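The following note is offered to a colleague who is meeting this structure for the first time. Its points move from the whole chain to single residues.

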Amino acid sequence: MFTRMALQRVAVIGAGAAGLCAARHILSRPNVFAPPVVFELSGNVGGTWCYDERTSTLDNEQPVLSSMYKNLKTNLPKEVMMFPDFPFDPELSSFLPHQDVLRYLEKYCHSHNIQPHIRFNTKVEHVKPVVPKTDGNKEKTSWEVISSDASSGQKTESFDAVFVCSGHYSDPHIPDIPGMDNFKGQVLHSHSYRYPEPFSGQSVVVLGAKASGLDISIELAKVGAQVTLSHGLPRLTFPLPSGISQSSPIMAVEEDGRIRFQDDSVSEAEVLLFCTGYNFTFPFLNAAELSLQIQDHLVTPLYRFMMPPAFPSLFFIGICKIICPFPNFHCQVQFALSVLDGSVSLPSRCQMEDEVKRDQQDKLDQGVQERHLLKLEKDQWEYCEILARTAGFKPLPPVIRSLYDEVWRQRRVHPQNYRKHNYRIISDSRWELINT
């Protein structure tokens, strides 16, 4: 007599781009998975793409998680940024204001009928692995998820797998600078920056010259702020607006409140703005219980940058940095579901742990700092290719990498103007510039 296997129950934490992607693909496999339960702390989909002028707490007293600033435009064109199976409106420009990205995610949610499966204004309090139960000759872990909301209080449920899609742009990383208590001006992180006008005419030291540091410095200079861009990168050689000067990293704040830089120069400033990235934080997880280390900039070990080898039915989606996010989520989610449905067989726990250690040691030997071990950069394309080949889904077309690389080149040459370009995808391998 044929016995139908019970459908697997999957919890998804977060209804930003990664969580919506997870829910969409779970719903596309109704013979294997029950509809997902998506837990969302806020009242909206979109995650970090939901702009909010508040910078501390929301109406429900939860912290503001979004780091979006008012004038942000994407630094990747929509032709690269899109989920591969869900294009943006072709009438839109290539580089979009954040409002258009949010509308895209809302459309994605509506098109795949995800919203009925989202529990809004719901906080996940704890995710705990349940001692493996016997499933034939195979051990199987289930997951206890404790959540709470204002109306029904606390709730405990059991799931076969959990997708952590809660993002990593909400807990600001503030480096330890000797003498910070001596600084007499305003101190903030880019997480709390919304628009430049309040800083007009002020002297601002911006610490960090990656994407947000550079963009915000340019915004500040346009409203008449005198900006010192402090960073440890090679000196930027492309033209910067008048009003921006470069300096070495901050060493300390002197007793009189002035800032001392690594080259021993000293400067006064009215504002110190940290564009120094974010910490990984998962308050609903007990790292030791999962045989994980969760540090400010590193979660390890994660097999394929997703799974703790001790508990490979827990998946972190989108934890890598310097990636093309939506296509990366698209590949990770499909690989993870192939693990759950049995079409991808994993190595043993020891083998997975050894592979992670080897890969990390190789990077360390190449001079990569430990806090940068989750940066993929050029390795992202081979990574996505391996996931697709292993799980048997359609790989990303090569045109995505080609256009991504071109835009990175343009950003280094023309940081103020590259967003004026518009592109069109012609085929899986070709793109064209359609105007400037």
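1. How far apart are the mean positions of the positive and negative charges of the protein? The separation is 5 Å, computed for 43 positive and 49 negative charges. The reader should bear in mind that this is a predicted model.

2. Overall fold. Eight helices and 20 strands make up the secondary structure elements of the protein. The radius of gyration is 23 Å, close to the 22 Å given by the globule rule for 436 residues, so the protein is as compact as a globular protein of that length. Along the principal axes, the C-alpha atoms fill a box of roughly 80 × 50 × 50 Å.

3. Burial, surface and contacts. Of the 436 residues, 50% count as buried. The exposed surface of the protein comes to about 21000 Å², and carbon and sulfur atoms supply 49% of it. Among contacts between residues at least 6 apart in sequence, 62% join residues that are at least 24 apart.

4. Nonpolar cores. In soluble globular proteins, nonpolar side chains tend to be buried together. In this model the largest nonpolar core has 119 residues, of which Phe83, Phe163, Leu220 and Phe326 touch the most other members. Helix 5 gives the most to this core, contributing nine residues. Another core lies apart from it and has twelve residues, including Met180, Ile250, Ile259 and Phe274.

5. Phe163 and its surroundings. Which residues are in contact with Phe163, leaving aside its neighbours within four places in sequence? They are Val10, Ala11, Val12, Ile13, Ala22, Phe315, Ile317, Ala336, Leu337 and Leu340.

6. Ala22. One of those partners, Ala22, is found in helix 1, which spans residues 17-27. Its relative accessibility is 0%, so Ala22 counts as buried. Beyond its neighbours within four places in sequence, Ala22 is in contact with Val12, Phe163, Cys165 and Val333. Val12 thus appears among the contacts of Phe163 and also among those of Ala22. The C-alpha atoms of Ala22 and Pro415, 393 residues apart along the chain, are separated by 33 Å.

7. The loop between strand 18 and helix 5. This loop, between strand 18 (314-316) and helix 5 (325-340), holds Ile319, and Ile322 is placed there as well. Is Ile319 buried or exposed? With 2% relative accessibility, Ile319 counts as buried. Ile322, at 28% relative accessibility, counts as partly exposed. The backbone of Ile322 has a positive phi of about 55°, although Ile322 is not a glycine.

8. Contacts of Ile319. Leaving aside its neighbours within four places in sequence, Ile319 is in contact with His168, Phe280, Phe282, Val299, Leu302, Phe305 and Leu374. Ile400 lies 81 residues from Ile319 along the chain, and their C-alpha atoms are separated by 20 Å.

9. Backbone details to inspect. The peptide bond from Thr300 to Pro301 is cis, with omega near -5°. Pro301 is placed in the loop between strand 17 (299-300) and strand 18. Asn121, which is not a glycine, has a positive phi of about 50°. Asn121 belongs to the loop between strand 3 (118-119) and strand 4 (123-135), and a relative accessible area of 42% makes Asn121 partly exposed.

Technical notes:
Residues numbered from 1 in each chain as written. Predicted model: local features only at pLDDT ≥ 70, side-chain atom pairs only at ≥ 80, totals over all residues. Heavy atoms only, no water. Helix = DSSP H or I, 4+ residues; strand = E, 2+ residues; numbered from the N terminus. Rg over C-alpha atoms; globule rule 2.2 N^0.38 Å. Buried < 20%, exposed > 50% of the residue type's maximum accessible area, 1.4 Å probe, protein only. Contact = heavy atoms within 4.5 Å. Areas by Shrake-Rupley, 256 points an atom, 1.4 Å probe, with all protein chains shown as cover. Lys, Arg positive; Asp, Glu negative; His and termini not counted. Charge placed at Lys NZ, Arg CZ, Asp CG, Glu CD. Core = buried A, V, L, I, M, F, W, Y, C linked by side-chain atoms within 4.5 Å.
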